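Please look over the predicted model shown here with its sequence. The questions that follow concern its strands and sheets.

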Amino acid sequence: MKLWLSLLLLIVAAPVGFADQLSIHSLFSDGAVLQQGQPVPVWGSGKPGADITVRFGDREVSGTIADSGKWQLNLPALSMSRTPETLTVRSCEE
């Protein structure tokens, strides 16, 4: 009985929890190289209406996730660098 109830709760709760998770396109992975000299689009999906911030080095841009659950922000043009940087994406729900 306990096993059946646990499985039922997982089936009911799963669609709710995973649909709104913040994600970034798989193109942005370890070792990725970003284009220099022009704005860099960064995109993914998340909870509609949530605020989102993308940071790379000393550049940061913010916006809001669309009603469709998709988002895209453009980092300002980057200069050439051989120093590795971390691309950080954060979301805050309203």
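Q: In β5, which residues make up the covered face and which the uncovered one?
A: In this predicted model, the residues of β5 divide between two faces, one covered and one uncovered. The uncovered face holds Lys70, Gln72 and Asn74, whereas the covered face is formed by Trp71, Leu73 and Leu75.

Q: Which strand stands between β1 and β5 in the open sheet of three strands?
A: The sheet is open and its pairing is antiparallel, with the strands in the order β1-β2-β5. Because β1 (23–24) and β5 (70–75) each have a single partner strand, one side of each is left without a neighbour in the sheet, and both stand at the edges. The strand between them in the order is β2.

Q: Over how many bridges do β2 and β5 pair, and which residue of β5 is the bridge partner of valine 42?
A: Strand β2, residues 40–45, runs antiparallel to β5 in this pairing, which extends over six bridges. Along it, tryptophan 43 stands opposite glutamine 72 of β5, a residue of the uncovered face. Valine 42, in turn, has as its bridge partner in β5 a residue of the covered face, namely leucine 73.

Q: Why is one side of β4 and one side of β6 left without a neighbour in the sheet?
A: The open sheet of three strands to which they belong has the order β4-β3-β6, with antiparallel pairing, and its twist averages 15 degrees from one strand to the next. One side of β4 (59–64) and one side of β6 (87–92) lack a neighbour because these strands stand at the edges, each with a single partner strand.

Q: Along β3, which side chains point to one face and are buried?
A: The side chains of β3 alternate, and Asp51, Thr53 and Arg55 point to a face on which they are not buried. Buried here stands for under 20% relative accessible area. Those that point to the other face and are buried are Ile52, Val54 and Phe56.

Q: Which residue of β6 is the bridge partner of phenylalanine 56?
A: Strand β3, residues 51–56, pairs with β6 in the antiparallel sense over six bridges. Within this pairing, isoleucine 52 stands opposite serine 91, while the bridge partner of phenylalanine 56 is leucine 87.

Q: Which residue takes a positive phi in the hairpin of β3 and β4?
A: β3 and β4 pair in the antiparallel sense over six bridges, and threonine 53 stands opposite serine 62 in β4. The hairpin has two residues between the strands, and the residue whose phi is positive, near 60 degrees, is glycine 57.

Definitions and conventions: Residues numbered from 1 in each chain as written. Predicted model: local features only at pLDDT ≥ 70, side-chain atom pairs only at ≥ 80, totals over all residues. Heavy atoms only, no water. Pairing = 2+ DSSP bridges. Helix = DSSP H or I, 4+ residues; strand = E, 2+ residues; numbered from the N terminus. Axes fitted to C-alpha atoms, helices over the stretch in contact; angles between N-to-C directions. Buried < 20%, exposed > 50% of the residue type's maximum accessible area, 1.4 Å probe, protein only.
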